[in-house]
Amino acid sequence: MSPFEANNMLSGDCNTISQSSNIVNNSGEKEEEEGLRHLLQQQEEAGVVPAQWKFKVLATVECHNSSTDVIGAITFDKSNDFFATGGIARKIRVYAFQSLVNSQNHSSSSNHHARSSCVKEICTPAKLSSLKWHLEQDNIIGCGDYDGVFSEWDIERHLAVSEKDEHNGQRIWSIDYCTEMPSLCASASQDGTVRMWSRSSDQSVAVLHAPAHSPVCCAEFAPSSSFLLALACADSNVYVNDLRKLSSPVLTLSHHKRAASYVRFLGRDCLVSAAIDSTLKLWDISASVDHCLNGESDRLDLKKTLQHPLKTFGYHRNARNFVGLSVWAEGGLIACGSETNEAFAYDCHQGEPILRHDFGEENFPVPGGFGVSGSAGRKDMDDCLVEDQGKLMVSAVCWRQSKESECTLVAANSVGILRVIKGFRN
């Protein structure tokens, strides 16, 4: 079941959304502009200048079996030396990053060398929807699958070291390890719950129920706290919860028009949400974070709903499927896939994409020169859209975290093509 289907269950009606629409209602335009103006003023006072980027493809891995190789998740280990992929092929594949990048030097047989960079391949009993590398144990990868099982795999021994099954057979859409408490993991499920798991317990240690039992498409822990958890739900809302007070969310983010599919923390004070209304939204949640860190999350007067984000990004197309969402907090960059078989990257300080890479094009950058540097206007972007691309889509993205003036994005599409794209700050 996709976010589209989950949304259908709730609303009974899902209208087609324009692939490039920026969803901003008239009543909220003024508040959004004021919020953005305030953000830009803060950046100017801090001397922040939006960066210009140039991108190029470093490596490509062709699909193993295009009919069954939809990649739905990508995760890096803490050293950034290895990354893993998972999807409907029921396989965890682990790649050596530098070996894969070096494979571009073998021009006559680059794909052979690229595939040889897959250092581990582990078969799993079910299709995988989510992967996360353990934050402390380099040999452990956590998985959420279509059978509703949260499992942890020892990639050295090729076996599952733990399996937890409490989601009543309904799909787990997302898992996440807690930065502050790496032994704690959350699994978000179609059954409308998020369950907390600990290696020390065979059963879930806590259960969070989404409002109105809405299917939960994504859950992510705050990087600054072990008890703040954000949820993206099929009722179109994003919720921020204090795990010490499970009764109700401390913050509701309500501006998406259809099912919310992903949520990511962009640093301590900002959230990025994605939905199948073809938009990403940037939110300032600093006030709620402060209240929670000060132990004030139970005060009813501090519980509130935000209806207007700081910024909306809407040049990609996403009206039905999970297409991935990843953030590079140090650089303020956001990446997502698209149902046009493209990977997009946005700078949170700008409105238009800094990268639009077409997986259907052999050359890079994409038509119109966009993705090398600068930006393209809305008309140029719309002119490049193709109505029928055989239903191919970019289905997973992941930034390689860095603190340098370079960024690296790994992206994959629905026929298993994997690409490493590097960005250089001008």
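**A walk through the strands, cores and salt bridges**

Let's start at a turn: strands S11 and S12 make a hairpin with 3 residues between them, and Gly-192 in that turn has a positive phi of about 85°. Keep in mind as you look around that this is a predicted model. The two arms of the hairpin, S11 and S12 (residues 193-198), are paired antiparallel through 5 bridges. Within that pairing, Ala-188 has Val-194 in S12 as its bridge partner.

Now look to the other side of S11. Strand S10 (residues 172-177) is joined to S11 by 5 bridges, and these two also run antiparallel. Here Tyr-177 stands opposite Cys-185 in S11. This is a hairpin too, with 6 residues leading from S10 to S11.

Is S11 itself buried or exposed? In strand S11 (residues 184-189), 6 of the 6 residues are buried, so the strand is largely enclosed by the rest of the structure. Leu-184, Ala-186 and Ala-188 point one way, while Cys-185, Ser-187 and Ser-189 point the other way, and all are buried.

Val-194, the partner of Ala-188, takes us on to the largest nonpolar core. That core has 56 residues, and Val-194, Met-196, Leu-229, Leu-271 and Leu-280 are those with the most contacts inside it. Strand S15 (residues 228-233) gives the most to this core, with 6 residues. If you pick out Leu-229 and skip its neighbours within four places in sequence, you'll find it in contact with residues including Ala-186, Val-194, Met-196, Leu-208, Phe-221 and Tyr-239. There's also a second, separate core of 20 residues, which includes Phe-55, Leu-333, Leu-409 and Ile-417.

S15 also belongs to an open sheet of 5 strands, in the order S14-S15-S16-S17-S21, with mixed pairing. Strands S14 (216-221) and S21 (304-306) stand at the edges with a single partner strand each, so one side of each has no neighbour in the sheet. On average, neighbouring strands here are turned by 20° against each other, direction ignored. At the S21 end, 3 bridges join S21 to strand S17 (residues 251-253), and the two run parallel. One pair to find there is Leu-253 with its bridge partner in S21, Leu-306.

Next, a charged residue on the inside. Glu-152 is found in strand S8 (residues 149-154). With a relative accessibility of 2%, Glu-152 counts as buried, because the cut-off is under 20%. Not counting residues up to four places away in sequence, Glu-152 touches, among others, His-134, Tyr-177 and Arg-199. Arg-199 is 47 residues away from Glu-152 along the chain, yet their C-alpha atoms are separated by 9.6 Å.

That brings us to salt bridges, of which there are 14. Which residues are linked with Arg-93 in a network? The network of salt bridges links Asp-69, Arg-93 and Glu-121. Between Arg-93 and Asp-69, the N to O distance is 3.2 Å. Arg-93 is in strand S4 (residues 91-96), and Asp-69 sits 24 residues apart from it, in the loop between strand S1 (53-61) and strand S2 (71-76). Both Arg-93 and Asp-69 are buried. On the Glu-121 side, the closest N and O atoms are 2.9 Å apart. Glu-121 lies in strand S5 (residues 118-123) and Arg-93 in S4, so this pair ties together parts 28 residues apart in sequence. Glu-121 is partly exposed, at 35% relative accessible area.

One last salt bridge pairs Arg-244 with Asp-242, at 2.8 Å from N to O. Arg-244 is partly exposed at 42% relative accessibility, whereas Asp-242 is buried at 0%.

Key: Residues numbered from 1 in each chain as written. Predicted model: local features only at pLDDT ≥ 70, side-chain atom pairs only at ≥ 80, totals over all residues. Heavy atoms only, no water. Pairing = 2+ DSSP bridges. Helix = DSSP H or I, 4+ residues; strand = E, 2+ residues; numbered from the N terminus. Axes fitted to C-alpha atoms, helices over the stretch in contact; angles between N-to-C directions. Buried < 20%, exposed > 50% of the residue type's maximum accessible area, 1.4 Å probe, protein only. Contact = heavy atoms within 4.5 Å. Core = buried A, V, L, I, M, F, W, Y, C linked by side-chain atoms within 4.5 Å. Salt bridge = Lys/Arg side-chain N within 4 Å of Asp/Glu carboxyl O.
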